[in-house]
Structure formats: structure tokens, C-alpha cells
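Student: Could we go through this structure together and check why its features carry the labels they do?
Tutor: Happy to. Have a look at it first.

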Amino acid sequence: MPDTPSPIDALVERMARDMARRVSRRGFIGRVGALLFSTAGLPLLPVARGGQPGPAQPDAATDPGDPQTCEYWRHCATDGFLCSCCGGSVHSCPPGTEFSAVTWVGTCHNPGDGHDYIISYNDCCGESECGRCLCSRHEDDKPLYVPFKANDYNWCPGSKVGGAYHCTVARIVGVAK
Ligand code: ABN
């Protein structure tokens, strides 16, 4: 080993000594901790957690139409059998089925209050096709050859109860501003 350090070693040593003079150890650890904590939190921000209260929902007076029909406003981008005709509701799966973890998201205009809502079209999985109230509106989606903008998919594969598709809900997940 040579006695004299390489220029790179010398430069790194000088920078480390310089930093040690300016920054206290506690301050340095605190700053590194703050950086790690904030960057770890970033990817979680857009994720809705099941246990939290949901977004504002329109009340009965401002939620016009029949959820068992395809014309109901929340179904503007539905593609599938309506869960409200299959023993569930517009926002809940029928007994024995579970929400798909992956979902199609669209924006629909509520004529009752004039707001646009972000709607999550989760499939309900774990039973064979319901077969009632087929609804294919496809507003603003694209054909399957544009895969990232197409809604004509079974979102059940990968869910805990298996890949069988039963029906589709239309849950409000937010107000579009
Ligand atoms: N997302 C409803 C669906 C299920 C199976 C096939 C096409 C569409």
C-alpha cells in the first residue's frame, strides 16, 4: 500500500472533515431520517385505505336515477354486469364475492348536483358471471388494442378469492376538481 493517499481519497477525506466541522452528528442523523421518512411516504399518498372514511357522497336528493339501469349516471364507463342486479349494490359486492384489487377508474357527471365524480369500477370476484343487467357504456375508453385505455378486462385475476368474474360496482372515490 502506498503511503500517500490517492487524489480521490484526499478529496473525499477533505470533504468529510469539512462537513464534520459544519454539521453536528445529531443534526445530520435528523436530516437523513427526515429525508428517508418523507420519501418512504411519497408513494403512499395517492392510495385510498380501506379503513378510512370515504369521500363525500351525494345524498339521495342529489343522486338521481336507478342504479339497476345502465343509464344511471355512475355507469358512464361501466363494462359488465351491474352488482345492484346481482344481490349487491352500486358500491358493495354480493355475498360470497370480493372486490378486485385492480380496478378501472373513470369520471362521471352527476346531473343531480352538477359535480363530476371519480368512479372506481371494481369487479366482484369469486363466483361465476351473474348474467343480469349487462351494461357496456365505455364512455371515453379505447379499444383493446390501446391496452392502457381499455376497460374491457376481467380485473379479478390475482384476487384472493380467485379469478372468476361475477359483476361490477361503481364506487365513488372522489370529486373531480
Ligand atoms: N370488468 C368487467 C369484465 C369482466 C370480464 C370480461 C370483460 C369485462
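Tutor: What follows takes a helix and some salt bridges in turn; keep in mind that this is a predicted model.

Student: How do you know that helix H1 reaches close to its expected span?
Tutor: Helix H1 covers residues 7–22, 16 residues in total, and reaches 23 Å from its first C-alpha to its last. The expected value at 1.5 Å a residue is 22 Å, and the two are close.

Student: What makes H1 hardly covered?
Tutor: Buried means under 20% relative accessible area, and the count of buried residues in H1 is 0.

Student: Why is the contact between Glu13 and Arg17 called a salt bridge?
Tutor: The closest N and O atoms are 3.0 Å apart, and the cut-off is within 4 Å, so the pair qualifies. Both residues lie in helix H1, 4 residues apart, which is about one turn of the helix.

Student: Why is Arg17 called exposed, and why is Glu13 called partly exposed?
Tutor: Exposed means over 50%. Arg17 has a relative accessible area of 52%, so Arg17 is exposed. Glu13 is at 39%, between the 20% and 50% limits, so Glu13 counts as partly exposed.

Student: What makes Asp63 and Arg74 a salt bridge?
Tutor: Their closest N and O atoms are 2.9 Å apart, again within 4 Å, so the label fits. The two residues are 11 residues apart, in the loop between helix H2 and strand E1. Asp63 and Arg74 are both buried.

Student: Why do Glu139 and Arg137 count as partly exposed?
Tutor: Glu139 is at 42% and Arg137 at 29%; both values fall between 20% and 50%, so the label applies to each. Their side chains meet in a salt bridge at 3.2 Å, N to O.

Key
Residues numbered from 1 in each chain as written. Predicted model: local features only at pLDDT ≥ 70, side-chain atom pairs only at ≥ 80, totals over all residues. Heavy atoms only, no water. Expected span 1.5 Å × (residues − 1). Buried < 20%, exposed > 50% of the residue type's maximum accessible area, 1.4 Å probe, protein only.
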